[in-house]
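Let's walk through this one together, helix by helix. Have the sequence and the 3D view open as you read.

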Amino acid sequence: MSATVAMIVALAVGTYAFRLVGPLLHGRVELPARAQELLSAGAIVLLVALLATGALTEGGGFAGWARPAGVLVGGVLAWRRAPFAVVVLGAAGVTAGLRVLGVA
């Protein structure tokens, strides 16, 4: 077995183990309320960081102003609880419109 196949198998087993641990330990391990709050905050921070890097960068540099504007419009529409299709179409429409107008 090559090293690549061995690594893929190891990652697959590890991923399955992580997925299996949740249901197996449910009810047996109880985290303190503070730990639960920190984990929730950490998840939000990671999602915001992913959103920021995806919205603001492209190829290691600044993506231009059209993409962040579209993401901002999509975020506002989602915050206002617009339907998912409206959020996606609104964000894409703003981005496309700004690019048609020459805003990179």
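A word on naming before we start: helices here are DSSP runs of H or I with at least four residues, numbered from the N terminus. Keep in mind as well that this is a predicted model.

Start with helix α1, which covers residues 3–25. Is its length what you'd expect from its residue count? What span should 23 residues give at 1.5 Å a residue? The answer is 33 Å, and the end C-alpha atoms of α1 are 32 Å apart, so the two agree. Just past the end of α1 you come to G27, which takes a positive phi of about 90 degrees.

Next, move to α2, residues 33–56. One residue to pick out here is S40, which sits in this helix. Buried or exposed, or something in between? S40 has a relative accessibility of 44%, so it counts as partly exposed. To get a feel for the layout, look from S40 over to V103: these two are 63 residues apart along the chain, and their C-alpha atoms are separated by 37 Å.

Now bring in α3, residues 66–79. The same length check works here: the 14 residues of α3 should span 20 Å at 1.5 Å a residue, and its end C-alpha atoms are indeed 20 Å apart. How does α3 sit against α2? The two pack at an angle of about 140 degrees, with their axes 8 Å apart. Angles over 145 degrees would count as roughly antiparallel, so α2 and α3 are classed as oblique to each other. On the α2 side, the contact is made by L51, G54, A55 and L56, and these meet R67, P68 and V71 of α3. By type, the residues of this contact divide into five nonpolar, one polar and one charged.

Which residues of α3 are buried? They are A66, P68, G70 and G74. These buried residues pack against two partners, α2 and α4, the latter being residues 84–100.

That takes us to the pairing of α3 with α4. Here the angle is about 155 degrees, and the axes are 8 Å apart. With that angle, α3 and α4 are therefore roughly antiparallel to each other. Their crossing is right-handed. The contact involves A66, R67, A69, G70, V73, G74, L77 and A78 on the α3 side, which meet V86, V87, G90, A91, V94, T95, L98 and R99 on the α4 side. Those residues divide into 10 nonpolar, four polar and two charged.

Zoom in on T95, in helix α4. With a relative accessible area of 15%, T95 is buried. Leaving out residues up to four places away in sequence, T95 touches A66, R67 and G70. Two of the residues you met in the list of buried α3 positions, A66 and G70, turn up again among these contacts of T95.

Finally, go back to the loop between α3 and α4, where you'll find R81. What is worth a look in its backbone? Most residues other than glycine have a negative phi. The phi of R81, though, is positive, near 65 degrees, in a residue other than glycine. As for its surroundings, R81 has a relative accessible area of 75%, so this loop residue is exposed.

Technical notes: Residues are numbered from 1 along each chain as its sequence is written. This is a predicted model: local features need pLDDT of at least 70, side-chain atom pairs count only at pLDDT 80 or more; totals for chains, interfaces and linings use all residues. Side-chain values use heavy atoms; hydrogens and water are left out. Axes are lines fitted to C-alpha atoms, for helices over the stretch in contact, and angles run from 0 to 180 degrees between N-to-C directions. Angles under 35 degrees count as roughly parallel, over 145 as roughly antiparallel, 65 to 115 as roughly perpendicular and the rest as oblique. Contact means heavy atoms within 4.5 Å. Ala, Val, Leu, Ile, Met, Phe, Trp, Tyr, Cys and Pro count as nonpolar, Asp, Glu, Lys and Arg as charged, and the others, Gly among them, as polar. The expected span of a helix is 1.5 Å times one less than its number of residues. Buried means under 20% relative accessible area, exposed over 50%, partly exposed in between (1.4 Å probe, protein chains only). A crossing is left-handed if the near helix is turned anticlockwise from the far one by less than a right angle, and right-handed if clockwise.
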